[in-house]
Structures are given as C-alpha cells and as structure tokens.
Amino acid sequence: MPKVNLVDYAGREQAYVKHRLLAEYLPPLAYKVGSAWDSIVYVDAFSGPWKTNCADLADSSFAVAIDTLRNAQAGLREKGKNRRIDCILIEEDKKAFKQLQTFAASQIAPSFGCACSLWFRFRPSTSSLRRTHQIHSSLSFSILKVGRTFLCGR
Ligand SMILES: C[S@@+](CC[C@H](N)C(=O)[O-])C[C@H]1O[C@@H](n2cnc3c(N)ncnc32)[C@H](O)[C@@H]1O
C-alpha cells in the first residue's frame with residue numbers, strides 16, 4: 001500500500017481519509033475488474049493537485065491512485081493476467097492542470113497510460129465519461145455504472 005501519512009495533511013484531514021480509502025479499496029476493485037476485463041481505465045474527474053505538501057505530489061489523490069493501481073497491475077501480472085491500465089485525470093483549474101500534466105507525463109510506462117484533460121465543469125455522468133472517451137480517442141472503453149461508481153474497461 002502506498003504511504004499516506006497524516007503529517008502531510010494538516011488542514012485537509014478529509015483528504016487523508018479519502019486517500020486512505022483509495023489506497024485500501026482500489027486494489028480489490030482493480031483485482032476484480034482486472035480478473036474479468038482485459039484492461040482498466042481509471043478516471044479521476046476532480047484531480048487537483050489541491051493544497052499538497054509534498055514536492056513530488058505524493059499526497060495528491062491521483063498519485064495515491066496511480067501508485068495503488070501500479071501495485072495492483074504487478075499483482076495481476078504475477079497471476080498471469082497482463083492488464084493494461086490507463087488513467088485519465090481531469091481538472092478545471094489551469095494552474096493545477098499544468099502541474100497535473102507534468103506529473104502525468106512522468107508516469108507513462110509500457111502498459112500504463114496516463115493522460116489529462118483541462119475540462120471546465122466535468123459532471124460525474126455517463127455523458128461526461130463518453131465525452132472523455134471522445135477526447136482520448138485512442139482509448140476505446142465501455143462504461144458500466146454501478147450505483148455512483150463507474151467501471152470502465154476496454
Ligand atoms: C478538493 S480538490 C480535490 C483534489 C484531489 N482530488 C485530492 O483529493 O487531493 C477538487 C479539485 O477539483 C477541481 N474541480 C472542481 N470542480 C470541477 C469540475 N466540475 N470539473 C473539473 N474539475 C473540477 C478543482 O479545481 C480542484 O482542483
């Protein structure tokens with residue numbers, strides 16, 4: 001599990017809780033989706049970074065999620081399941097988006113894609129996700145809505 005340290009979250013403790021949830025609940029979800037589907041597409045519609053304290057942005061939700069997904073990808077590979085994972089990070093603030101772009105570019109690896117979109121007023125809906133799909137046209141993914149969660153896979 002990636003290190004999510006409370007000391008990095010002074011004044012935004014709610015983000016600490018969210019990041020702990022990401023680090024603990026994303027692996028089982030990735031294993032389940034990765035066991036049934038050939039690839040996983042992770043979409044973070046409100047990426048930030050926002051009030052981060054770590055120079056490498058390790059205390060941002062996207063860094064926690066990417067680290068967690070990489071570990072899950074390695075775990076799936078050990079089970080003989082080579083799964084591609086793509087992350088799409090969406091942010092409306094131009095300044096935050098520049099940082100996000102730099103970070104995303106540094107994360108790209110074989111079988112691990114990371115792209116970001118400057119998008120004003122993304123809505124967590126299937127139509128917004130379909131638009132995301134059109135923007136990142138190299139990605140062909142289908143969307144399954146389970147309650148308030150969207151599962152995306154190729
Ligand atoms: C509270 S911050 C969360 C940052 C990050 N997800 C985290 O947990 O560390 C919310 C971010 O979403 C962006 N945002 C808010 N509404 C948005 C929208 N409708 N579309 C795209 N970005 C949005 C804000 O600019 C801000 O950077």
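**Ligand shell**

I began with the ligand: by class, its shell has 7 nonpolar, 4 polar and 5 charged residues. Here Ala, Val, Leu, Ile, Met, Phe, Trp, Tyr, Cys and Pro count as nonpolar, Asp, Glu, Lys and Arg as charged, and the others, Gly among them, as polar. I am working from a predicted model, in which local features need pLDDT of at least 70 and side-chain atom pairs count only at pLDDT 80 or more, while totals for chains, interfaces and linings use all residues. Residue numbers run from 1 along each chain as its sequence is written.

I found 16 residues around the ligand (C-beta atom, placed from the backbone, within 6 Å of it). The closest are Phe46, Gly48, Trp50, Ser61 and Glu92. Helix H1 (13-36) and E2 are the elements giving two or more residues to this shell; helices (H or I, at least four residues) and strands (E, at least two) are DSSP runs, numbered from the N terminus.

**Strands**

Next I looked up E2 (residues 84-91), which pairs with E3 (residues 112-118) in the parallel sense over 7 bridges; pairing takes at least two DSSP bridges. Cys87 has Cys114 in E3 as its bridge partner.

**Core**

Which residues have the most contacts inside the largest nonpolar core? I noted Tyr42, Ala65, Ile66, Leu69, Cys87 and Leu89, in a core of 28 residues. Such a core joins buried Ala, Val, Leu, Ile, Met, Phe, Trp, Tyr and Cys residues through C-beta atoms within 7 Å, buried meaning 20 or more other C-beta atoms within 10 Å of a residue's own, all placed from the backbone. H2 gives the most to this core, with 7 residues.

Key: Buried ≥ 20, exposed ≤ 12 C-beta atoms within 10 Å, placed from the backbone.
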